[in-house]
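Please look over the sequence and the structure below, and then read the notes that follow, which take up helix packing and backbone geometry in turn.

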Amino acid sequence: MKRKVWISSIMITAALCGCGSGVKTIEGDVAVKETSAQAQEKEQTEAAPEEAEDAAAAEDTAQYSGYAFTYDGTVIGMDMDAAPVVEQLGEPDSYFEAPSCAFEGIDKVYTYGSFELDTYPTDDKDYVSSVVFKDDTITTTEGVGIGDPEDKVVEAYGSGWTEEDGMRVYEKDGMKLCFILENDTVASIEYRSTAVEQ
Amino acid sequence: MKRKRIIRAVCSVLVVVSTLFMLQKLLLPKYVSDVVEGRLIAEYYAEEKDHDVIFIGDCEVYENFSPKILWEDYGINSYIRGSAQQLIWQSYYLLEDTLRYEKPKVVVFNVLALKYNEPQSEAYNRMSLEGMRWSMAKVKAIQASMTDEEHFLDYVFPILRYHSRWSSLKAEDVEYLFADRKVSHNGYYMRVDVKPAKDVPEGKMLADYRFGENAYRYLDKMTKLCRDNGIELVLVKAPSLYPYWYDEWEQQIEDYARQNGLLYINFLELAEETGLDYNSDTYDGGLHLNLSGAEKITAYLGQVLRDEYHLADRRPEERLSRIWADKAAAYEQDRKRQEEEMEKQ
C-alpha cells in the first residue's frame, strides 16, 4: 500500500514536472508570440553567433513576405530585427523609451519626421512592432499615402480587408496594414505586427 | 482490519495531496527579486482594514500616490489596491473583494484603464488575480479577465500553469516558500531615481475614440457599488505623460463624472498647482512619477479629499499612529536604501 502511494506521488510529480518545458512561463519579459522568422533566427544565432546574426539580418528582408514600408532604400518589415533597420535609417528626429509596467524590457519609439517606428523587445533584441505615418509626404510601397481617396486603397490592396476597431485592415503573413478613412479619404496609415497583439 | 484500511487510504490521499500542495507552492512565481509588482495585491490582506480611502487601478495609482503623505499631512488612512495593467473589471472585483473586509469613505479610481475593453494579457492577469483571496469576486474577476488561451482551472490549480518552472527554480523559490517579503508601502511602489520626460510621442490617430461598452459597463457597476455602500467615488487621471491621454477620452470622462455627480481630477492639467516638474519628478521619462513627484500630487489630493469629503484627521488615534510610525520608518529606510544605491552608481 505504502509503495503504491509513493509510486503514485512520484508519477504525478514526474508527469507535472517532466512535460512542457517549452511552455512560456509568466516570470520575465512580457510574453509575446515568437514569429517563425524569429525562431529560425534564434536557432541560427545559437549555432554560430556572429556570422549567423549577419546572415539572419540580411535574409530578413529577402524572406519577408508581409507588406513592407520602404524609406530611402531601407526596407522595413514587421517583426524584423530593428537594429540594422535603425542603423540604416540614421539619426532619428526624436527617440523615446517606454518601459513596460512591471516587466523587464523597453518599447522604443523612433520618430523620423514623416513616420514613427516602434519596436518591442524579445530575448535581448528589439523587433519592429509598427510604422505609423505622420504626414502626407510619404506613401506605402504600393503608392498609397495620407489624403488619397478610398478607391486608391482598393486599387492597391484589393477588397480582401476586414474591419477592426473602425479601421480597414489588410492582413498578410502575420502583419497588418491598417487604414483609417475619414470621408472616403485616407486619414491614417499604420503597419502593425500581430506579435504584440495580446 | 477494515478500520486500518480506511486509515491507510486516508493517509495515502493526504500524502498525495500534501506532495502536490508543496510542489505547487514551490513552483509558483515568488515575485521577489524581479517583477515585484506581482506581490502587491496579496499584501493587502495582512493589513488592518480600517482605511478611509482605497485606491484602485493600474500602475498609475501604485506608482503615483503615496499613502504615507496622506497620513502625515492629513491624518487620512489609505491603501492602494493597484496592480500592473489592472483592467477595469479587475478594479471592480477588487473593490468588491475589499468591501468584504471594510467600507472606506472614499474610493479613488484611475481612469486610464477605460482604454481597454477586453482581456489583454495572461502575464498581467496573473499579477492582478493570483494574489486575491478566493471569493466569488475572485471567480468573477478571473472569468472576466481570461484571454482565449487561458483556462479557469489553471487559476484554481496554478501547478497546471507553472509546472514548466521546475527547470528554472531559483534559491528564492525555496526561501520564500512560506516566508513573505513586503514590497510596497500600503500598496505604493517606491522609486527615487530620476529620468526627465523628453520627446514623449503624440498619440497615434484612432478610428474610434469612444471607450468600449464593456469598459463603461464596469464603470457603471463601480459607480453603483459605491453609491449602494455610501462610498464617494473619485475619478482621477494620474499625471503620466505616456500612454497618451486623448482629448476625446478626457471629454468622455468629464461627461461621465458630470452625469453621475462624481468628482474627477485630471492631474495632467494640474502641474502648476501640484508643483510637478517633469524634469525631476519622474523616474522613467514621464510614464511614472518618482517619490518626489508622488509626494507632490498626493499632498494636493489629500487637500481635496479633506475639503470635499471632510475626512477626519485621525492622527490623534494612538493605535493607528503607532502603526503609521512603523510604516513611516520602513518608508524612510526604503528611501535611504534607494538613494544610497543611486549614489553608488
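## A helix crossing in chain B

The crossing of α4(B) and α15(B) is left-handed, in a model that is predicted. The two helices pack at an angle of about 130°, with their axes 11 Å apart. Because angles from 115 to 145 degrees fall in the class called oblique, α4(B) and α15(B) are oblique to each other.

On the side of α4(B), the residues that take part in the contact are B:Pro67, B:Lys68, B:Ile69, B:Trp71 and B:Glu72, and they meet B:Leu320, B:Ser321, B:Trp324, B:Ala328, B:Tyr331 and B:Glu332 in α15(B).

## The helix α15(B) and its cover

With 27 residues, α15(B) reaches 39 Å from its first C-alpha to its last, which is close to the 39 Å expected at 1.5 Å a residue. Its buried residues are B:Leu320, B:Trp324, B:Lys327, B:Ala328, B:Tyr331, B:Asp334 and B:Gln338. An α-helix has 3.6 residues a turn, so residues three or four places apart point the same way. The cover over the buried residues of α15(B) includes α4 (67-74), β2 (78-82) and α14 of chain B.

## Chain B as a whole

Chain B contains 15 helices and five strands, and buried residues make up 55% of its 345 residues. Of the contacts in chain B with a separation of 6 or more, 83% are between residues 24 or more positions apart. The chain exposes about 15700 Å², of which carbon and sulfur atoms supply 51%.

## Backbone geometry in the loops

Most residues other than glycine have a negative phi, and most peptide bonds are trans. Against that background, the peptide bond from B:Tyr242 to B:Pro243 is cis, with omega near 5°, and B:Pro243 is placed in the loop between β4 (232-237) and α12 (247-260) of chain B.

Which residue, although it is not a glycine, has a positive phi of about 50°? This is B:His310, which lies in the loop between α14 (291-309) and α15 (318-344) of chain B and counts as exposed at 64% relative accessibility. In chain A, A:Asp124 has a positive phi of about 65°, although this residue is not a glycine either. A:Asp124 lies in the loop between β5 (115-122) and β6 (125-133) of chain A, and A:Asp124 is exposed, with a relative accessible area of 87%.

Methods: Residues are numbered from 1 along each chain as its sequence is written. Chains are lettered from A and ligands numbered from 1 in the order in which they are written. This is a predicted model: local features need pLDDT of at least 70, side-chain atom pairs count only at pLDDT 80 or more; totals for chains, interfaces and linings use all residues. Side-chain values use heavy atoms; hydrogens and water are left out. Helices (H or I, at least four residues) and strands (E, at least two) are DSSP runs, numbered from the N terminus. Buried means under 20% relative accessible area, exposed over 50%, partly exposed in between (1.4 Å probe, protein chains only). Contact means heavy atoms within 4.5 Å. Accessible areas come from the Shrake-Rupley method with a 1.4 Å probe; for residues, only the protein chains shown count as cover. The expected span of a helix is 1.5 Å times one less than its number of residues. Axes are lines fitted to C-alpha atoms, for helices over the stretch in contact, and angles run from 0 to 180 degrees between N-to-C directions. Angles under 35 degrees count as roughly parallel, over 145 as roughly antiparallel, 65 to 115 as roughly perpendicular and the rest as oblique. A crossing is left-handed if the near helix is turned anticlockwise from the far one by less than a right angle, and right-handed if clockwise.
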